[in-house]
Amino acid sequence: CDRRQRQMCIRDRHALEDSLKVLLLRKPFNKITIGDLTKECGINRMTFYYHFTDMHHLLSWIILEEIHQLLLNTNIYPEGFICLLYKMKEDKIYIMNVYHSLHQEEFQSYLSPMIQGLLKMKIEEEAQDISIKESDKEFIARFYSYCIVGLLIDWLNDDMREDPERLLDKMDEIMHGCIKRALKRFEIHQN
C-alpha cells in the first residue's frame, strides 16, 4: 500500500465508523444493515467489504480503536479505566443501543479481550521484578477480567446510573494491591 492508499483506507474506515455511530443514535445495532450504513456513508458495499467482513467486525474495530485512543496518554489503571467509563457514559445512547441489540455473551466477547488487554499491561508493569510463567499471567488477567466485565455489565443493566468515579472507587477498594499479591502467589521460586 502506498501512502495515498493508506490515507484513503483510514478515511473510509473512519467514515464507516462515523456513519455507524449516527445510525446507532436512531436504531439498535441489530437493525442496521450494511446497506443502511453504506447509504449513510456515501460509499459502496464493496468498499465496506474491502475493510470489514461484516457489521460485527466493524463494531469490534471501532471499540478497539476507541480504547486505543483513550489509552494512548494515560496509565492503564486507574486513569485508563476511568476514561473508559466516562467515554461509555458520554456515548451512552450508542453504547446502550449496541448492548441491547446483542446477546450478553456477544457483548462480553467485545469487552473481555479489551479488559484482558488492559489487565495484561498492568500485570506486565507489576511483574517486572517477579519471576512468573506467562500462563499464570494469562490466568490472572482472565480472572480479574471476569470480575470487571461482570461489573460493567451490571452497570449497563442499571443504565449507567452509578457515577464512574464512585464505581472505580469501590473497585479500587477491593482490587488495590490484588494483582501484585496474585503475582507473588504464583511466583516461581528458584532453589
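**Figure 1. Charged side chains across the predicted model****.** The chain carries 26 positive and 31 negative side chains, and the centres of these two sets lie 4 Å apart. The accessible surface of this predicted chain comes to about 11,200 Å², and 52% of that surface belongs to carbon and sulfur atoms.

**Figure 2. A negative surface patch that includes E173****.** Four residues, D163, E165, D169 and E173, form a negative patch on the surface of the chain. One of these residues, E173, has its place in helix α9, which covers residues 164–175. With a relative accessible area of 68%, E173 is classed as exposed, because that class begins over 50%.

**Figure 3. The surroundings of I63 in helix α4****.** I63 is placed in helix α4, the element that takes in residues 55–71. The relative accessibility of I63 is 16%, and I63 therefore counts as buried, since the limit for that class is under 20%. When residues up to four places away in sequence are left out of the count, I63 touches Y110 and M114. The view may also take in M160, which is separated from I63 by 97 residues in sequence and by 18 Å in space, taken from C-alpha to C-alpha.

**Figure 4. Helix α6, a mostly covered element****.** Helix α6 spans residues 92–101, and seven of its 10 residues are buried, so that the helix is described as mostly covered, where buried stands for under 20% relative accessible area. The buried residues of α6 begin with Y94, I95, M96 and N97, and the list continues with V98, Y99 and S101. For the chain as a whole, buried residues make up 43% of the 191 residues.

**Figure 5. The chain as the setting for the close-up views.** The secondary structure of the chain comes to 10 helices and zero strands, and the elements accordingly read α-α-α-α-α-α-α-α-α-α when followed from the N terminus on. Along its principal axes, the C-alpha trace of the chain spans about 65 × 45 × 30 Å. Among the contacts in the chain with a separation of 6 or more, 71% are accounted for by residues that stand 24 or more positions apart. Within this setting, helix α4 holds I63, whereas helix α9 holds E173.

Methods
Residues are numbered from 1 along each chain as its sequence is written. This is a predicted model: local features need pLDDT of at least 70, side-chain atom pairs count only at pLDDT 80 or more; totals for chains, interfaces and linings use all residues. Side-chain values use heavy atoms; hydrogens and water are left out. Patches are made of residues with over 30% relative accessible area and no salt bridge: like charges are joined within 9 Å, nonpolar side chains (Val, Leu, Ile, Met, Phe, Trp, Tyr) within 5 Å. Accessible areas come from the Shrake-Rupley method with a 1.4 Å probe; for residues, only the protein chains shown count as cover. A salt bridge is a side-chain nitrogen of Lys or Arg within 4 Å of a carboxyl oxygen of Asp or Glu. Lys and Arg count as positive and Asp and Glu as negative; His and the chain ends are not counted. The place of a charge is taken as NZ of Lys, CZ of Arg, CG of Asp or CD of Glu. Helices (H or I, at least four residues) and strands (E, at least two) are DSSP runs, numbered from the N terminus. Buried means under 20% relative accessible area, exposed over 50%, partly exposed in between (1.4 Å probe, protein chains only). Contact means heavy atoms within 4.5 Å.
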